[in-house]
Amino acid sequence: MATTMLPTEVIMNPVFIVIRKLGLYDSLAGIIIPSINTATGIFMFRTFFVSIPDDLVESARMDGASDGRIFFNIMLPIAKPVILTLSIFFFQWRWNDYIWPLIVLNNPKNYTVQIEF
């Protein structure tokens with residue numbers, strides 16, 4: 001929860017350094033990839049998965065399902081509402097973002113709508 005209280009500007013420099021070292025500078029992937037893992041997303045997923053009854057997981061284990069199978073065949077389909085909600089939030093946050101694309105993108109061909117106009 002403490003990371004949600006930090007403004008984005010605090011973590012911008014370290015994230016930019018990582019993006020440059022990964023070779024994602026001046027690419028659209030450099031804008032998208034850092035926004036996938038956010039404190040809000042982790043908090044929402046954790047809250048959702050904690051609310052799922054343990055009996056569901058235990059019954060799958062009794063049927064012989066592995067942890068991977070339990071996650072992909074039981075937990076992930078149940079989490080579709082959370083995935084959809086976070087997808088809408090992330091799209092809107094990145095669509096309205098101005099400063100991060102301005103820092104990461106150098107080529108005017110790759111500019112987003114907010115930078116271009």
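The legends below describe close-up views of a predicted model.

**View 1. The largest nonpolar core of the predicted model, built from eight residues.** The residues that make up this core are Met12, Phe16, Ile19, Leu24, Ile31, Trp100, Val104 and Leu105. Helix H1 (8–21) and helix H7 (99–104) are the elements that give two or more residues to this core, and H1 gives the most, with three residues. Among the core members, Phe16 touches Tyr25, Trp100, Ile103 and Val104, when residues up to four places away in sequence are not counted. Another core, of six residues, lies apart from the one shown here, and Ala60, Ala65, Ile70 and Met75 are among its members. In soluble globular proteins, nonpolar side chains tend to be buried together.

**View 2. A nonpolar patch on the surface, made by Leu28, Ile32, Ile33 and Ile36.** The patch formed by these four side chains covers about 380 Å². One of its residues, Ile32, belongs to helix H2, which spans residues 29–32. Ile32 counts as partly exposed because its relative accessibility is 48%, a value that falls between the 20% limit for buried and the 50% limit for exposed residues.

**View 3. The loop between H1 and H2, with Asp26.** Asp26, a residue other than glycine, has a positive phi value, near 65 degrees. Its relative accessibility is 23%, and Asp26 therefore counts as partly exposed.

**View 4. Thr38 and its polar partner Gly41.** Thr38 is located in the loop between H2 and helix H3 (39–51), and with a relative accessibility of 18% Thr38 counts as buried. A polar atom of the Thr38 side chain is placed 3.2 Å from the backbone nitrogen of Gly41.

**View 5. The salt bridges, of which the count comes to two.** In one of them, the side chains of Arg61 and Asp67 meet with an N to O distance of 2.9 Å. Arg61 counts as partly exposed because its relative accessibility is 47%, whereas Asp67, at 54%, counts as exposed. A salt bridge is also formed by Arg94 with Asp97, where the closest N and O atoms are 2.9 Å apart. Here Arg94 has a relative accessibility of 30% and so counts as partly exposed, while Asp97, at 14%, counts as buried.

**View 6. Gln114 of helix H8 and the residues in contact with it.** Helix H8 comprises residues 113–116, and Gln114 is found within it. Once neighbours within four places in sequence are left aside, Gln114 is in contact with Trp95, Asn96, Asp97 and Tyr98. Of these, Trp95 places its backbone oxygen 2.3 Å from a polar atom of the Gln114 side chain. Asn96 and Gln114 are 18 residues apart along the chain, and their C-alpha atoms are separated by 7.3 Å. Asp97, another of the residues in contact with Gln114, is also the salt-bridge partner of Arg94. At 21% relative accessibility, Gln114 counts as partly exposed, because the buried class is reserved for values under 20%.

Technical notes:
Residues are numbered from 1 along each chain as its sequence is written. This is a predicted model: local features need pLDDT of at least 70, side-chain atom pairs count only at pLDDT 80 or more; totals for chains, interfaces and linings use all residues. Side-chain values use heavy atoms; hydrogens and water are left out. A nonpolar core is a set of buried Ala, Val, Leu, Ile, Met, Phe, Trp, Tyr and Cys residues joined through side-chain atoms within 4.5 Å. Buried means under 20% relative accessible area, exposed over 50%, partly exposed in between (1.4 Å probe, protein chains only). Helices (H or I, at least four residues) and strands (E, at least two) are DSSP runs, numbered from the N terminus. Contact means heavy atoms within 4.5 Å. Patches are made of residues with over 30% relative accessible area and no salt bridge: like charges are joined within 9 Å, nonpolar side chains (Val, Leu, Ile, Met, Phe, Trp, Tyr) within 5 Å. Accessible areas come from the Shrake-Rupley method with a 1.4 Å probe; for residues, only the protein chains shown count as cover. A polar contact is a pair of N or O atoms within 3.5 Å; within protein, one must be able to donate a hydrogen and the other to accept it, and residues adjacent in sequence count only if both atoms are side-chain atoms.
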